[in-house]
2 protein chains.
Amino acid sequence: MTASSAPVRQSSVRAHNLALVLRTVANRADQPSRAAISTLTGLTRATVSALVDDLIAGGLLVELDPPPRTGAGRPAAGLALSPDGPAGLGLEINVDYLAACVVDLTGTVRHRAVRATHPSVALSDLSRLGDLSRLAGEVAAAASADGLTLAGATLAVPGLVTPAGIVRVAPNLGWQDVDVPALLGATPELAGLPISVDNEANLAALSELRAGGDEPTFLYVSGEIGIGAGIVLDGALYRGVRGWSGEIGHVTVYPDGRPCRCGADGCLEQYAGQEQVAADPALAASALGIALSAVVNLLDIGVVVLGGAYAPVFDQLREGIETELRRRVLTAELSPVLLRPAALGADAAMRGAADTVVREVRENPAAWLSR
Amino acid sequence: MTASSAPVRQSSVRAHNLALVLRTVANRADQPSRAAISTLTGLTRATVSALVDDLIAGGLLVELDPPPRTGAGRPAAGLALSPDGPAGLGLEINVDYLAACVVDLTGTVRHRAVRATHPSVALSDLSRLGDLSRLAGEVAAAASADGLTLAGATLAVPGLVTPAGIVRVAPNLGWQDVDVPALLGATPELAGLPISVDNEANLAALSELRAGGDEPTFLYVSGEIGIGAGIVLDGALYRGVRGWSGEIGHVTVYPDGRPCRCGADGCLEQYAGQEQVAADPALAASALGIALSAVVNLLDIGVVVLGGAYAPVFDQLREGIETELRRRVLTAELSPVLLRPAALGADAAMRGAADTVVREVRENPAAWLSR
DNA sequence: CGGATTTGTTTATTGGTTGAATTATTTGAG
DNA sequence: CTCAAATAATTCAACCAATAAACAAATCCG
């Protein structure tokens with residue numbers, strides 16, 4: 001019953017239709033004309049024209065010069081997302097490196113910088129956020145030289161993050177209750193920029209939404225030291241009631257099996273963690289298959305993406321996982337589960353972070369236009 | 001990116017705001033006035049008045065006669081859902097009984113009829129749908145005598161159902177590819193009524209949404225011969241990509257355990273099915289706890305409701321399930337999982353079926369008004 | 001009884017979409 | 001070369017729904 005309890009006024013109509021037009025252009029492989037958008041969306045040509053005018057004026061769309069001519073009639077002016085429109089700053093902080101990139105509205109990575117952390121710096125030292133901010137300043141300056149305007153920044157962190165961007169706990173960084181938006185927002189390089197923070201597995205999952213296939217619903221499993229999963233339902237990340245969803249690493253695979261550091265026995269992590277994959281790929285694949293079967297039986301998800309440490313050894317794992325899926329997924333015969341490696345490698349989380357910024361602009365262009 | 005790709009026009013604004021007003025009245029325990037709705041929703045008093053006029057004219061709201069007076073000023077006219085408004089017909093077909101009920105707009109069960117199937121009738125005999133239709137005719141006639149108008153009917157079936165209402169397979173009924181809406185719609189009692197079909201566990205889960213606590217996110221587990229689950233996320237049933245979510249009965253609990261009729265080994269169903277619960281409650285509880293831990297780890301769900309055959313023996317199962325949850329849920333210490341028995345008993349699926357009809361009217365009153 | 005107060009309605013205005021007419025730009029036929 | 005046909009895009013009057021402000025209704029209180 002939590003169905004958008006906000007009143008709707010005419011301006012909401014315009015906001016919705018602006019987003020509809022922008023989304024229509026973004027989702028097409030070609031460069032649709034106003035008339036094409038009209039038939040695709042059901043809006044009148046007059047309305048589409050007015051909306052497109054706003055989007056062009058706001059720098060979100062561009063009219064392409066050489067109109068692809070076909071048949072009789074006035075040639076159509078193709079429309080496309082503007083490569084000079086608002087861009088997103090993606091940041092990542094991890095155990096041994098910092099990274100930053102700028103992704104433009106079309107989804108292209110325009111600038112990218114990665115820096116290994118100096119070994120002398122303590123992991124938990126929050127001055128690393130200052131280093132990160134300086135790194136971000138570099139790519140931001142390069143983007144600015146291109147004429148790009150940054151719409152915001154998102155940081156990927158290996159840990160539990162509250163909706164407000166507070167890092168509740170990040171074991172591998174030694175962080176606890178760190179107010180990242182406040183700290184980063186106080187640096188000169190990022191002052192004034194809207195900053196959000198999210199879990200790296202979540203962001204990596206979202207990066208697959210753009211870079212991978214076109215499925216709007218899939219499970220992204222990232223194998224690192226621990227195993228995390230991002231559940232993408234209908235184009236949106238499912239975060240759970242408290243934001244702690246996706247803990248597939250602690251799904252029980254063998255109830256009386258190996259003890260896990262979490263206190264339970266037989267967790268997936270003990271059979272398909274990074275080390276175990278290297279030591280015994282067959283066991284890892286089987287354990288993964290059992291856990292994934294549970295997910296598919298529960299959520300009826302048709303696509304599973306393997307990322308992180310799983311991606312490079314995908315071919316070794318595939319057969320073993322699929323064997324279990326065929327056996328254990330009730331509806332396997334009606335339609336098989338598609339298994340594929342992640343499209344992006346180590347950059348996935350950072351890319352997903354930058355993508356969330358531009359996705360926000362694309363999903364709510366009215367907010368950007370009236371900023 | 002599948003964010004409502006339909007254009008929005010002025011009439012959509014009205015449709016949304018009609019639903020907003022109706023929902024506001026429905027969710028309040030008291031009988032709010034137009035002015036109160038105005039402040040609750042953010043709409044102007046004038047707008048609320050216009051919308052309420054439409055809703056009263058359409059028979060969805062009623063103005064209460066004795067205005068509860070308080071303080072100075074013109075007394076407010078209280079508004080409430082109309083008990084004479086559109087009602088929902090809930091149907092259920094199961095192995096050994098048929099059932100039908102009528103629920104009015106306020107959620108009250110107005111009429112109810114249950115009939116045991118005559119032992120001589122073959123289970124798979126589709127003439128049982130005719131018997132069901134006659135039973136439905138009885139409660140529908142009683143409702144009609146009350147002045148109620150039926151807005152639609154929903155049938156609860158123990159099996160996999162497509163969005164179009166085709167029962168793909170219902171093992172316990174011996175059904176396969178049965179076009180229920182067509183068959184029921186052809187009977188004189190139900191002719192002309194919009195008929196939908198859904199899985200019984202899904203519908204039972206939805207009935208908990210109204211009858212149970214106020215949590216908008218929970219897992220409903222129904223133990224019968226098979227075990228099904230309804231996943232309610234944020235007030236809406238999560239159906240999965242193909243509508244086959246919730247197959248918790250075939251989640252693997254013991255990878256090398258008892259063979260299951262589905263072809264796999266160690267499915268939950270083999271340890272916590274109706275018979276097993278009776279034979280060995282401790283084993284059933286432990287197996288359930290293992291499977292539920294997986295769900296909670298994956299989805300970060302805070303509430304689990306036990307229904308069907310589990311509800312009567314809830315006290316016997318509780319401790320065993322909670323022990324596993326405490327051990328195996330990663331975030332158990334941060335906030336424990338709440339376990340409770342279903343609020344409704346055997347009627348849950350049928351009630352949920354009727355509820356979905358009235359919920360549909362309440363969520364989209366404009367469609368009802370302009371019918 | 002009359003002012004204060006709150007509820008609900010009326011009226012003019014505004015914002016946004018629609019549909020029809022109009023203008024713009026091309027191809028192709030005579 | 002010119003004109004008709006075709007397609008794209010814009011202009012403009014009409015309409016619909018929400019808003020704000022004024023107004024009417026119904027009560028309380030001094």
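**Surface near DNA strand D and selected local geometry**

In this predicted model, the surface near DNA strand D draws on both protein chains: α2 (34-41) and α3 (45-57) of chain A, and α1 (10-27) and α3 (45-57) of chain B, each supply at least two residues. The largest share, five residues, comes from α1(B). In total, 31 residues lie around DNA strand D. Those that come nearest are A:Ser33, A:Ala46, A:Ser49, A:Gly73 and A:Arg74. By residue class, the surface near DNA strand D divides into 12 nonpolar, 12 polar and seven charged residues.

One of the contributing helices, α2(A), also has a buried side. Its buried residues are A:Arg34, A:Ile37, A:Ser38 and A:Thr41. These residues lie on the same side of α2(A), because they cover an arc of only 105° around the axis. They pack against α1 (10-27) and α3 of chain A. Thus α3 of chain A both supplies residues to the surface near DNA strand D and receives the buried residues of α2(A). The helix α2(A) is followed by A:Gly42, whose phi is positive, near 95°.

Further along chain A, strands β14 (residues 303-308) and β15 (residues 338-341) run parallel and are joined by four bridges. Within this pairing, A:Leu306 of β14(A) has A:Pro341 of β15(A) as its bridge partner. The connection from β14(A) to β15(A) passes through helix α10 (residues 314-328) of chain A. This β-α-β crossover is right-handed.

Two aspartates have backbone angles that call for comment. Most residues other than glycine have a negative phi. A:Asp234 has a positive phi, near 55°. The residue lies in the loop between β12 (227-233) and β13 (236-238) of chain A. A:Asp234 is exposed, because its count of other C-beta atoms within 10 Å is 12, and a residue with 12 or fewer is classed as exposed.

B:Asp300 likewise has a positive phi, near 50°. Its place is in the loop between α9 (281-299) and β14 (303-308) of chain B. Is B:Asp300 buried or exposed? B:Asp300 has 23 C-beta neighbours inside 10 Å and therefore counts as buried, the threshold being 20 or more. Both aspartates thus sit in loops, A:Asp234 in chain A and B:Asp300 in chain B. A:Asp234 is exposed, whereas B:Asp300 is buried.

Definitions and conventions:
Residues numbered from 1 in each chain as written. Chains lettered and ligands numbered in written order. Predicted model: local features only at pLDDT ≥ 70, side-chain atom pairs only at ≥ 80, totals over all residues. Near = placed C-beta within 6 Å. Nonpolar A, V, L, I, M, F, W, Y, C, P; charged D, E, K, R; others polar. Arc of directions from axis to C-beta. Contact = placed C-beta atoms within 7 Å. Pairing = 2+ DSSP bridges. Right-handed = clockwise from strand over helix to strand, strands pointing away.
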